[in-house]
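Me: Could you take a close look at one part of this structure for me, the salt bridges? I'm new to this, so please take me through them step by step.

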Amino acid sequence: QVQLVESGGGLVQAGGSLRLSCAASGSIFSINAMGWYRQAPGKQRELVAAITSGGSTNSADSVKGRFTISRDNAKNTVYLQMNSLKPEDTAVYYCNADVITKGWGRRDYWGQGTQVTVSS
């Protein structure tokens, strides 16, 4: 089994910053892409940013220049540095990982979600 545990969410004023972390643990052989998604009330879950094991990244246009994704492969951890936060960034943020397990299986895993609330 593989678990993803997120941390770092909270309440912040517009213009502020937060840093989210997501640590993967369990029966992991390797992790391909890792990413952050978010879901606001009444909206579909959307990709915020993703990063490959080699460090290539992509992100949604709405967060370009404000959010930065990074990862520590040795710790199986992905981070999301969020700056210049806006009220429209308010959502539950979910971590995702494309994992190859020690049993040679491969599947997507999700974290439990962490709430980010940006007040105006």
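Reply: Here is a walk through the salt bridges, one pair after another. Keep in mind that this is a predicted model. Let's begin with the basic idea: side chains of opposite charge can pair when their charged atoms come close.

The structure holds five salt bridges in total. A good one to start with joins Asp89 and Arg38, whose side chains meet with an N to O distance of 3.0 Å. Asp89 lies in the loop between strand S8 (77–82) and strand S9 (91–101), while Arg38 is in strand S4 (residues 28–39), so this pair ties together parts that are 51 residues apart in sequence. Both Asp89 and Arg38 are buried. The pair also belongs to something wider: Arg38, Glu46, Arg66 and Asp89 are linked in a network of salt bridges.

Next, find Asp98 and Arg106. Their side chains form a salt bridge too, at 2.6 Å from N to O. The two partners have contrasting surroundings. Arg106 has a relative accessible area of 59%, so it counts as exposed. Asp98 has a relative accessibility of 13%, which means it counts as buried, the cut-off being under 20%.

Finally, turn to Asp61, which forms a salt bridge with Lys64; here the closest N and O atoms are 3.4 Å apart. Asp61 is exposed, with 67% relative accessible area. Lys64 comes out at 48% and so is partly exposed, because the label "exposed" requires over 50%.

Methods: Residues are numbered from 1 along each chain as its sequence is written. This is a predicted model: local features need pLDDT of at least 70, side-chain atom pairs count only at pLDDT 80 or more; totals for chains, interfaces and linings use all residues. Side-chain values use heavy atoms; hydrogens and water are left out. A salt bridge is a side-chain nitrogen of Lys or Arg within 4 Å of a carboxyl oxygen of Asp or Glu. Helices (H or I, at least four residues) and strands (E, at least two) are DSSP runs, numbered from the N terminus. Buried means under 20% relative accessible area, exposed over 50%, partly exposed in between (1.4 Å probe, protein chains only).
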